[in-house]
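Here are a few short exercises to work through with the coordinates open. Try each one yourself before reading the solution.

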Amino acid sequence: MVALTFLPIDLFETLTADPQDRAELMEVEMLTNPRVRDASQPPTKVQKRMYLSDLDAPLVDSRHEPNTSPCLDPDSYPEAQTLGGELWEQDHYGIVY
C-alpha cells in the first residue's frame, strides 16, 4: 500500500454528520493546531488511492532499534529524512516501523 502525500482525512466525520458543524470544527482546528495553522495554506482534499502489490524483498526492521525512535517524531522530519536517504543510497526497499 502506498500512501499519498495529502490524504483526504475528515477528522470530524465521526463526531457529526452536519457539514456546517464539521466546517466549524475544521476552522477551530486550523486556528489551534500549529502544523495546520503555520502551513499558511487552505485545507486540501485529495482523493485517496491504495496501490496493492506483492513485495518480495528484504525490509529494514526499525522496530527494535533505539536510534530510530527520533524518526517517528511528527513535529520534526530531519532524522527521518536522513535515515531514508541513507537507506535509499544502500538500495533498501523499505522500512518497517
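**Exercise 1.** Where is the place of Asp 73? Work out its exposure and its side-chain contact too.

Solution. Keep in mind that this is a predicted model.
- Step one: Asp 73 sits in the loop that runs between β1 (60–61) and α3 (78–89).
- Step two: its relative accessible area is 32%. Buried means under 20% and exposed over 50%, so Asp 73 lands in the partly exposed class.
- Step three: the Asp 73 side chain reaches the backbone nitrogen of Asp 75, at 2.9 Å.

**Exercise 2.** Is Ser 62 buried or exposed? Then find what its side chain reaches.

Solution.
- Step one: Ser 62 is also in the loop between β1 and α3.
- Step two: its relative accessibility is 9%, and the cut-off for buried is under 20%, so Ser 62 counts as buried.
- Step three: the Ser 62 side chain reaches the backbone oxygen of Val 96 at 2.8 Å.
- Step four: leaving out residues up to four places away in sequence, Ser 62 touches Thr 68, Ile 95, Val 96 and Tyr 97.

**Exercise 3.** Which residue forms a salt bridge with Asp 61?

Solution.
- Step one: side chains of opposite charge can pair when their charged atoms come close.
- Step two: Arg 63 is the partner, with the closest N and O atoms 2.7 Å apart. That fits the 4 Å cut-off, and the count comes to one salt bridge.
- Step three: Asp 61 is partly exposed, at 33% relative accessibility.

Definitions and conventions
Residues are numbered from 1 along each chain as its sequence is written. This is a predicted model: local features need pLDDT of at least 70, side-chain atom pairs count only at pLDDT 80 or more; totals for chains, interfaces and linings use all residues. Side-chain values use heavy atoms; hydrogens and water are left out. Helices (H or I, at least four residues) and strands (E, at least two) are DSSP runs, numbered from the N terminus. Buried means under 20% relative accessible area, exposed over 50%, partly exposed in between (1.4 Å probe, protein chains only). A polar contact is a pair of N or O atoms within 3.5 Å; within protein, one must be able to donate a hydrogen and the other to accept it, and residues adjacent in sequence count only if both atoms are side-chain atoms. A salt bridge is a side-chain nitrogen of Lys or Arg within 4 Å of a carboxyl oxygen of Asp or Glu. Contact means heavy atoms within 4.5 Å.
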